[in-house]
Structures are given as C-alpha cells and as structure tokens.
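Student: I should like to learn how to read a protein model. Could you guide me through one, feature by feature?

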Amino acid sequence: MSDITQEVPEWRGGWLNRLVARPGFQRWASRFPLTRGQARRDGALLFDVVQGFVQSQVLMAVVELDLLRRLRGGPVSPEMLGRATGIAPERMQVLLQAAAALKLIKRKRSGTYMLARKGAALMGVPGLEAMIRHHRAFYADLADPVALLRGPDETELSQFWPYVFGAKGDIDPGVAETYSDLMAQSQLLVAEDTLRMVSFKDVRHLLDVGGGTGAFLEAVGRAHPDLRLSLFDLPQVVPGATSRFEASGMMDRVTLSPGSFRDDPLPEGADAISLIRVLYDHADETVAELLASVYAALPAGGRLVISEPMGGGAQPDRAGDVYFAFYTMAMQTGRTRSAEEIAALCTGAGFANIRCPRPARNYVTRVVTAQKPS
C-alpha cells in the first residue's frame, strides 16, 4: 500500500494544522492567555464527540426504564426509582446523575430528582421515544464502524426495513406494521416542517408515493380541507392507512392504491406528487427510475415535492452527513444526498423550476420542489 502522505498534495493551511497537532503546542496553547480559551473550547468539543455514544446509551437507559414518566408527578428518590425498576440504588444514582448532567432531569437539594424541561420536551416529540428504542439495531451495527464501512453481508438495521429491497409480496404483515408505526410517528414532525416550506394552496389532488399509513397525507389534508388525496404503497401497509383515514373522517377524500413503485406504474390524475423520506432509502438507479415514473404520472405543470434528511454537500451537515449518512449505510441501501444532488437527479428526469427552500429544522427534514414543464 502506498503512503497516503505521498498522495495528498500540500495545501496552504497545512503548516497550521501540523503545528496544532503537536502535543507540545497544545500544552503551550492551553496556558497562553491569547489561545487558552480556544484550546479549552476545542478540548471540550472533542471530548463531547468522544463521549457521544455513552450519552446516547444513557438516553437509551432513561427511555427503557421509563424514568421521565416516573418523574413527571414530582421529585422521586433514587431508592424509590431503583425499587420500581429493579436497579440497585447506587447504580440508579449513577444513571440519574448522568441524566441530570444531560439536563433531562434536575437534581434537588434533598437528593431527589425531578423532570427537567428537556426531558419533558423529549416526551412531547411524536415518535422520539420509539425511535430511541429502535436504535438498538443501529447501535449494534455501529459497534464496529470500520466493519460497517467495509460492507458486511448483513446488518441488524437491514432486517428491520425489508421494504427497501423491493420485497413486495414477501414482507410479514407484523413486520410491516412495526416499521409502518415507526415511520408514521416520525412523519408528524416531517409534515409539520414540510408544510412550513411548501404551499399546497394551488394543488387540486396530491398523490403521496411510499407514504406508509398516511401520516403525512393526513397532516396535509387537515391543513387543506378541499384537497383530494391519494396514497400509493405496498399492499401490507394499506390496511393501516385505511384505519387512519376512517378514524380521521377523511376516507371520502382518499384513494388508496396498493403497489410497489419498483414494479408498478404510479396512479395518474394528481397534479402534485410527494416523496416523503423515500429517496434516501434507495440507490441512485432506483431513484432515477422512480423520478422518471413520477414525471410520467404528472400532467404538464405538475409539481413534485421531495422532503427528507439531506447531506450538506460543500458545507457538511451534522444531521445529514453524520447520523443519517451512517443510518442509511447500515440499512445497506440508499444514501443521504445533498439538495444539489437531488436537484440534479430531478433535472435528469426532465423537471424544471427546481427550488430548495431554507429548512426550518435541518435535522428533521429538507425540501426540494420541482415542476414538470408545461
């Protein structure tokens, strides 16, 4: 193997990084008045990265033991929480201190603990606790990140999301219900932010492709009572969508079409089509074919709305380029793309008037819109 230092060209800022990388310089910088503030900030940030996985596991334990709800009624002692959860009091104390350090709970002067604002907010985010529990599979795949990067034959996460491999008729209904519920809960936030960035006022009929049990479509339908709604997804998912729209009283406005966009043509008749957290589940070839199908199904002037987590491209993004990039890698299909990459794929499919509105919360979703030329 060749020496990588011989392959990477010298660049103008290289001398500064070589200087900063020296232990002796770090010791000096931590003492010198003009540099010690930056050195300490750098050190704190690096330590936060190092301990990030431990923080995630503390959060997992808090959720698994349902501590936030146990504290919702008021201050509780470590001994009481230990008895309720089967954890030794001294170990429960360690967990509570850690959760207080993460500002999920507060420690009282009496030595008891109570719910903090951040912990209350966690309970108020739809689907967040379910997603944290679901992370067991993701964390198992990240136990050896180098092995994940080299491409294992099978991952834990790929077993949870079988639909991304195109298994139209082979998915167990129970498995479909599990992942559909998780998707539906997370889509509530996605719908909220998408509706901030996209106006559906001029849309007559919206088709949501790969929309699961219809959480996004229901949110749009509530915001626009005159909008005609259609959903296209795998047959195993349709019963859940039927239940959702019957319960919401929207069934007379909704058309449910079972099928797979890999194998079946998309329903026609809608003047707008949405792809919500769909593209990043799939490889470029599948995405290109899907966008071509969307283009064919839309009338002239029809609109496409893409909403999902995206990478930052030239400006790397912590959510898209760290969390979601490795999540899709562990799924063994798909990848996070930057808005520019998605725009290029849309252009390749024939779309024009492509726009990328400023995201409300980039860790929830970003949006790309496009239009079929008139």
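The dialogue below moves from the overall make-up to packing, cysteines and single residues.

Student: How many helices and strands does the protein have?

Tutor: Please note at the outset that this is a predicted model. The protein has 18 helices and nine strands. Of its 374 residues, 44% count as buried. Among contacts between residues at least 6 apart in sequence, 67% join residues at least 24 apart.

Student: How does one describe two packed helices?

Tutor: The description uses the angle between their axes and the distance between the axes. Here, the axes of helix H10 (residues 128-142) and helix H17 (residues 318-331) come within 10 Å and cross at roughly 70°. Angles of 65 to 115 degrees count as roughly perpendicular, and H10 is therefore roughly perpendicular to H17.

Student: Which residues make the contact between H10 and H17?

Tutor: H10 contributes Met131, His134, His135, Phe138, Asp141 and Leu142, while H17 contributes Tyr323, Phe326, Tyr327 and Ala330. Sorted by class, the contact has seven nonpolar, two polar and one charged residues.

Student: Which residues have the most contacts inside the largest nonpolar core?

Tutor: They are Val209, Leu275, Val294, Leu304 and Ile306, in a core of 26 residues. At least two residues of this core come from each of strand E3 (205-209), strand E6 (272-276), helix H16 (284-297), strand E7 (303-308), helix H18 (339-349) and strand E9 (366-371). H16 gives the most, with five residues. A second, separate core has 25 residues, including Leu189, Leu206, Leu227 and Val364.

Student: What does Leu304 touch, not counting residues up to four places away in sequence?

Tutor: Leu304 touches Ile273, Leu275, Leu291, Val294, Leu298, Cys346, Phe351, Val368, Thr369 and Ala370.

Student: Cys346 appears in that list. What is a disulfide, and how many does the structure hold?

Tutor: A disulfide is a covalent bond between the sulfur atoms of two cysteines. The structure holds zero disulfides. For Cys346, the nearest cysteine sulfur is that of Cys356, 8.6 Å away.

Student: Why is there no bond from Cys356 to Cys346?

Tutor: A disulfide requires cysteine sulfur atoms within 2.5 Å. The sulfur of Cys356 is 8.6 Å from the one in Cys346, its closest cysteine sulfur, and that is too far for a bond.

Student: Are these cysteines buried or exposed?

Tutor: A residue counts as buried under 20% relative accessible area, as exposed over 50%, and as partly exposed in between. Cys346 has 0% relative accessibility, so it counts as buried. Cys356 has a relative accessible area of 41%, which means that Cys356 is partly exposed.

Student: May we apply this reading to Thr85? Where does Thr85 lie, and what is in contact with it?

Tutor: Thr85 lies in helix H7 (residues 78-85). Its relative accessibility is 18%, so Thr85 counts as buried. Leaving aside neighbours within four places in sequence, Thr85 is in contact with Leu65, Leu67, Arg70 and Met92.

Student: Which residue in the loop between helix H5 and helix H6 has a positive phi?

Tutor: That residue is Asp66, in the loop between H5 (52-64) and H6 (67-70). Its phi is about 60°, although Asp66 is not a glycine. With a relative accessible area of 27%, Asp66 is partly exposed.

Student: What is the phi of Lys103, and where is Lys103 found?

Tutor: The phi of Lys103 is near 65°, a positive value in a residue other than glycine. Lys103 is found in the loop between helix H8 (89-101) and strand E1 (105-107). Its relative accessible area is 56%, so Lys103 is exposed.

Definitions and conventions. Residues are numbered from 1 along each chain as its sequence is written. This is a predicted model: local features need pLDDT of at least 70, side-chain atom pairs count only at pLDDT 80 or more; totals for chains, interfaces and linings use all residues. Side-chain values use heavy atoms; hydrogens and water are left out. Axes are lines fitted to C-alpha atoms, for helices over the stretch in contact, and angles run from 0 to 180 degrees between N-to-C directions. Helices (H or I, at least four residues) and strands (E, at least two) are DSSP runs, numbered from the N terminus. Angles under 35 degrees count as roughly parallel, over 145 as roughly antiparallel, 65 to 115 as roughly perpendicular and the rest as oblique. Contact means heavy atoms within 4.5 Å. Ala, Val, Leu, Ile, Met, Phe, Trp, Tyr, Cys and Pro count as nonpolar, Asp, Glu, Lys and Arg as charged, and the others, Gly among them, as polar. Buried means under 20% relative accessible area, exposed over 50%, partly exposed in between (1.4 Å probe, protein chains only). A nonpolar core is a set of buried Ala, Val, Leu, Ile, Met, Phe, Trp, Tyr and Cys residues joined through side-chain atoms within 4.5 Å.
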